[in-house]
Amino acid sequence: MLNNAHSNMVAQQVRPGEVLDPRVLAVMTNIQRERFVDSEMIGLAYADTHLPIGCGQTMLSPIQEGRFLQALDLQSTETVMELGTGSGYFTALLAQLAGQVISVEYFPELSEQAEQRLTQQGIDNVSLYVGDASKSWPLSDRIDAIVMTAAYVTVPDNYRHQLKVGGRLLIVIGEAPAMSVQLIRRITEWDWQTETLFETVIPAVINAEPKAKFEF
């Protein structure tokens, strides 16, 4: 039954959700999503919804994951940084498409769980870190791609500057219910090009949440 649910996720959710990149469809077919959810959630592993993963956090929906990956257009020689390891599933998908993945998680217990799951799947091109990456994260060098799995109100400048020329940042900007997915590409040393891809809603980054609005 789960195998059918897995193939149906790709055929009936992800592909109709305008994800047509064959590499993305292949990795989403190859990596079994139920391996990255808690046992009580296995029956919902392929549902088109945000699944709880503990610590008050959720997984992106399959359509969001597919559309994010398609927009990033990762190459096998590239290094990508992910902010928000979460369950490790999206990390695993990134690892199949890129050469190296750097992934940062705020909650130690989620990072440890993701490490176990990635190891069980034989995925060894991921470096996991724990900490608050809401505003910045130190890197030894500029990077090809950065993807945020939670939303920001505005784009953090530090991450734009950590891109290589030609590198891109995928980020969700705004406040619910009006959020947009943006692909920011570094064109030259001092120029970036922003493309708004589609509307979506995901939770805010911890410690970068929208400020409360006071009504009088």
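**Exercise 1. Helix 2 against helix 4**

Which residues in helix 2 meet which residues in helix 4? Find them in this predicted model, then describe how the two helices cross and what kind of residues make up the contact.

*Solution.* Begin with the residues themselves. Helix 2 brings R23, V24, V27 and M28 to the contact, and helix 4 answers with Y89, L93, Q96 and L97. Next, sort these residues by character: six are nonpolar, one is polar and one is charged.

Now turn to the geometry. Helix 2 spans residues 22-30 and helix 4 spans residues 89-97; their axes lie 10 Å apart, at an angle of about 130 degrees. That angle makes helix 2 oblique to helix 4. Finally, look at the hand of the crossing: helix 2 and helix 4 cross in a right-handed sense.

A handy reminder for reading such contacts: an α-helix has 3.6 residues a turn, so residues three or four places apart point the same way.

**Exercise 2. Helix 3 and its surroundings**

Is helix 3 largely enclosed by the rest of the structure or not, and which of its residues are buried? Work out, too, how helix 3 is placed against helix 4.

*Solution.* Start by counting. Helix 3 covers residues 62-72, and eight of these 11 residues are buried, so helix 3 is largely enclosed by the rest of the structure. The buried residues of helix 3 are P62, Q64, E65, G66, F68, L69, A71 and L72.

Next, look at the partner helix. E65, F68, L69 and L72 in helix 3 meet Y89, F90, L93, L94 and L97 in helix 4. By character, the residues of this contact are eight nonpolar, no polar and one charged.

Then take the angle. The axes of helix 3 and helix 4 cross at roughly 30 degrees and come within 11 Å. With angles under 35 degrees counted as roughly parallel, helix 3 and helix 4 are therefore roughly parallel to each other. Their crossing is right-handed.

Last, step off the end of the helix: D73, just after helix 3, has a positive phi of about 50 degrees.

**Exercise 3. Unusual backbone values**

Which peptide bond is cis, and where do C55 and N207 lie? Give the phi of C55 and of N207, and say how exposed these residues are.

*Solution.* A general point helps first: most residues other than glycine have a negative phi, and most peptide bonds are trans.

Take the peptide bond. The bond from A176 to P177 is cis, and its omega is near 5 degrees. P177 sits in the loop between strand 7 (163-175) and strand 8 (178-188).

Go on to C55. Its phi is positive, near 60 degrees, and C55 belongs to the loop between strand 1 (52-54) and strand 2 (57-58). The relative accessible area of C55 is 29%, which puts it among the partly exposed residues.

Finish with N207. Here phi is near 70 degrees, again a positive value in a residue other than glycine. N207 lies in the segment after strand 9 (191-200), and it is partly exposed, with a relative accessible area of 36%.

**Exercise 4. Long-range partners of E105 and F107**

Are E105 and F107 buried or exposed, and which residues are they in contact with, leaving aside neighbours within four places in sequence?

*Solution.* Take E105, which lies in strand 4 (residues 100-105). Its relative accessible area is 5% and E105 is buried. Beyond its sequence neighbours, E105 is in contact with G84, T85, G86, L110, S111, Y129, V130 and G131. One of these deserves a distance: G131 is 26 residues from E105 along the chain, yet their C-alpha atoms are separated by 6.1 Å.

Move on to F107, in the loop between strand 4 and helix 5 (108-120). F107 has a relative accessible area of 18%; since buried means under 20%, F107 is buried. Its contacts outside the neighbouring stretch are C55, Q57 and I206. For C55, already met in the previous exercise, the C-alpha to C-alpha distance to F107 is 7.4 Å across a sequence separation of 52 residues.

**Exercise 5. The whole fold**

How many helices and strands does the protein have, and is it as compact as a globular protein of its length?*Solution.* Count the elements first: there are six helices and nine strands. The radius of gyration is 17 Å, close to the 17 Å that the globule rule gives for 216 residues, so the protein is as compact as a globular protein of that length. Along the principal axes, its C-alpha atoms fill a box of roughly 50 × 50 × 35 Å.

To close, add burial and contacts. Of the 216 residues, 49% are buried. Among contacts with a separation of 6 or more, 53% link residues 24 or more positions apart.

Methods: Residues are numbered from 1 along each chain as its sequence is written. This is a predicted model: local features need pLDDT of at least 70, side-chain atom pairs count only at pLDDT 80 or more; totals for chains, interfaces and linings use all residues. Side-chain values use heavy atoms; hydrogens and water are left out. Axes are lines fitted to C-alpha atoms, for helices over the stretch in contact, and angles run from 0 to 180 degrees between N-to-C directions. Helices (H or I, at least four residues) and strands (E, at least two) are DSSP runs, numbered from the N terminus. Angles under 35 degrees count as roughly parallel, over 145 as roughly antiparallel, 65 to 115 as roughly perpendicular and the rest as oblique. A crossing is left-handed if the near helix is turned anticlockwise from the far one by less than a right angle, and right-handed if clockwise. Contact means heavy atoms within 4.5 Å. Ala, Val, Leu, Ile, Met, Phe, Trp, Tyr, Cys and Pro count as nonpolar, Asp, Glu, Lys and Arg as charged, and the others, Gly among them, as polar. The radius of gyration is taken over C-alpha atoms; the globule rule is 2.2 Å times the number of residues to the power 0.38. Buried means under 20% relative accessible area, exposed over 50%, partly exposed in between (1.4 Å probe, protein chains only).
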